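The following exercises concern a protein interface and a ligand site. Each task is followed by a worked solution.

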Amino acid sequence: MPTRPLVIRYEDDLQLFPGLWHKAGAVLTLAVALGYPWLASERWLTVGNLGLVAIVGAAALMVLTGFAGQVSLGHAAFLALGAYTVAVLGNKWGWPFWLALPLAGAVSACVGVVIGAFALRLRGLYLAIVTLGLVFLTQHVLLAYPEVTNGLSGTSVPMYWWFRGDVGSAASVGDTWQLGPVVLGFERKLYFLFLPLAAGTVWLTKNVQRSNSGRAMMAVRDQDLAAEVLGVSTTQARLQAFGVSSFLAGIAGAMFAFQQQYITVEPPFDLNLSIQFIAMIVLGGVGSVFGAVSGALAFTFLSPLAESVGHALPLIQQLTSAQQATVLLSVVVVLVLVLEPMGLFGVWLRIRRYFQAWPFRY
Amino acid sequence: MALLELDNVGLSFSGVRALDGVSFSIEAGALHAVIGPNGAGKSSLFNCISGIHRHMEGRVRLDGQELTGVEPTEIARLGVSRMFQNLALFEHLTVLENLLLGRHQRYRTGLLRNLFWTRGAREEEVRHREKAEEVIDFLDLEHFRWMPVAVLPYGIRKRVELGRALCMEPKLLLLDEPTAGLNQEETEDMANTLLDLRHELGVTQVLIGHELRFVMDLATQVTVLDRGRVIANGPPSALRNDTRVLSAYVGGTVAA
Ligand SMILES: Nc1ncnc2c1ncn2[C@@H]1O[C@H](COP(=O)(O)OP(=O)(O)OP(=O)(O)O)[C@@H](O)[C@H]1O
Ligand SMILES: [Mg+2]
């Protein structure tokens, strides 16, 4: 069964969807993604939006941890920076969301590069601890300036189409649109905004992975001394990984803030959130963009499922539903890793290998 | 003309004198062997040339250009590439990706253009792929192109590491025991490859060897190190019966 056409030029090897099966898979994914918001109930639409946010956040962490091998517990800090940037820009200056969004990424990326420079010589456990410190530092700073961030009581996150004050009363994205029979509520509008953002993030991180920049990160991850001797600057590769990762994490934080409409510092932006993202990329398979996407989706969609079955299970019925979900998800992560150390990506490789050999089984 | 000049190179590790007053030069186009018993300081010498040991004493010059105190990445750019004694491949990457990393410093497109996968980035990728394919062809690695290095047998990995070094199109190629751990057939293949490199591409090579016989057959020039010092230097014919060399190798594999 030929799964791809004959490669006659090196350009052909660079394509994302080289063969018929790849193209069919892409079309199918697109159809499911576009159909989902019309079929899902309100509750699952929210889960879908959180899934798209998780894809952006997990892809961001994948660049830093999966490609460059820098284990970071500070991911929540970058999300918090993104979230609070859009909240402040919206509240203080009435910025439209599409302008605040990239700025959230930029603010987060600036902090990321500074931390990256600071942590250049750190690796493994030491880096984890420094980045953990970043979470506490960020929480502290956000709470220390209540006149900007509204402190402990949290802040609303307005989402305007245009500058507030211009064009009459600034229209909020929260307003429901009715076009004949088609109803576009807030969550559904968000979905169609988040979908291209998530797809764009996947595309960008895939481009990092298949290009010289990504290879340099992975070289530094696997053998930093050999990388230096080949002319790969470990400093540059690590800083680039920090920059790209924190930029995208800032975007994810901003998306999350818009979706929540009202945010506080803690929860959600605490160590627990960082660990959830690590769980996602480990579940999906460290080192691949596919792993980031599948891990993020599996994690977000299993949470509500776990909450709904949790009360029926012995041992954990006494816990709150959130705790039940945590326990069940931990079990799932551990099981997947015991059965397939490469995570969902490994499962996918096996399926693919099976079909490549089809109809012969060996 | 000397391509590489070592001038009074010394190196100490907390009490251990790994190298002491090492001076010799390597001619352009030579296949220069460095031999000596275990712990003689051969690998340390390579580390000094490629800039890994910042606390080295003495001076190293490549083509008249000072390498002393220069960053390893810069030394790589100046045309020095190497093969490590204990393989240092990027295990999780494919053979092709490992080879393309050998071309890393020749890429002109940076992160931004790579992120957006611009036409320039794509064209450059194809251009370097063509060069990597030449090396794949030269080393018969066609079957392994898409395989992650981690699954390959040792002999193939050695070839991949040589390939990665060749992708840099080096002026000076440092080979740290390229035949260690290889079987008879693979050793002969490697020897032929090194000779081809010299004759077809004219790459200057420095070869560290353990086996006296292998080295003596291949090399145009031999330097013998013992406990960090140069004890002999000259063409293999002159050293074959040198008593100093033989005594350094007592119990070793001495040429028949
Ligand atoms: N990073 C290091 N720290 C401390 N001592 C070192 C280090 N590298 C090498 N040495 C010491 O320097 C001496 C020379 O080591 P080197 O590896 O250069 O020898 P070699 O000639 O390559 O030996 P072999 O044939 O076993 O590869 C040895 O005594 C070794 O213990
Ligand atoms: Mg050695």
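**Exercise 1. Determine the area buried between chain B and chain A, and identify the residues of chain B that supply most to it.**

Solution. In this predicted model, about 3,100 Å² is buried between chain B and chain A, and carbon and sulfur atoms give 70% of that area. On the side of chain B, Leu111(B), Leu115(B) and Trp117(B) supply 20% of the area buried against chain A, more than any other three residues. In terms of contacts, 37 residues of chain B meet 30 residues of chain A.

**Exercise 2. Establish which residues form the salt bridge between chain B and chain A, and which helix of chain B gives the largest share of the side that touches chain A.**

Solution. The count of salt bridges between the two chains is one. The partners are Glu125(B) and Arg215(A), whose closest N and O atoms are 2.9 Å apart; this lies within the 4 Å cut-off. Helix 5 of chain B provides the largest share of the side that touches chain A, namely six residues. By class, this side of chain B comprises 20 nonpolar, eight polar and nine charged residues.

**Exercise 3. Describe the shell around ligand 1.**

Solution. Among the 13 residues around ligand 1, those that come nearest are Gly39(B), Lys42(B), Ser43(B), Ser44(B) and Gln85(B). Next, consider the polar side-chain atoms: that of Ser44(B) lies 2.6 Å from an oxygen atom of ligand 1, while for Ser43(B) the distance to a ligand oxygen is 2.7 Å. The side chain of Gln85(B) likewise has an N or O atom 2.7 Å from an oxygen atom of ligand 1. Taken alone, ligand 1 exposes 630 Å², of which the protein buries 62%. Finally, helix 1 of chain B gives the most to the shell, with three residues.

Notes: Residues numbered from 1 in each chain as written. Chains lettered and ligands numbered in written order. Predicted model: local features only at pLDDT ≥ 70, side-chain atom pairs only at ≥ 80, totals over all residues. Heavy atoms only, no water. Contact = heavy atoms within 4.5 Å. Buried area = accessible area lost by both parts, 1.4 Å probe. Salt bridge = Lys/Arg side-chain N within 4 Å of Asp/Glu carboxyl O. Helix = DSSP H or I, 4+ residues; strand = E, 2+ residues; numbered from the N terminus. Nonpolar A, V, L, I, M, F, W, Y, C, P; charged D, E, K, R; others polar. Near = heavy atom within 4 Å. Polar contact = N/O pair within 3.5 Å; in protein donor to acceptor, adjacent residues only side chain to side chain. Areas by Shrake-Rupley, 256 points an atom, 1.4 Å probe, with all protein chains shown as cover.
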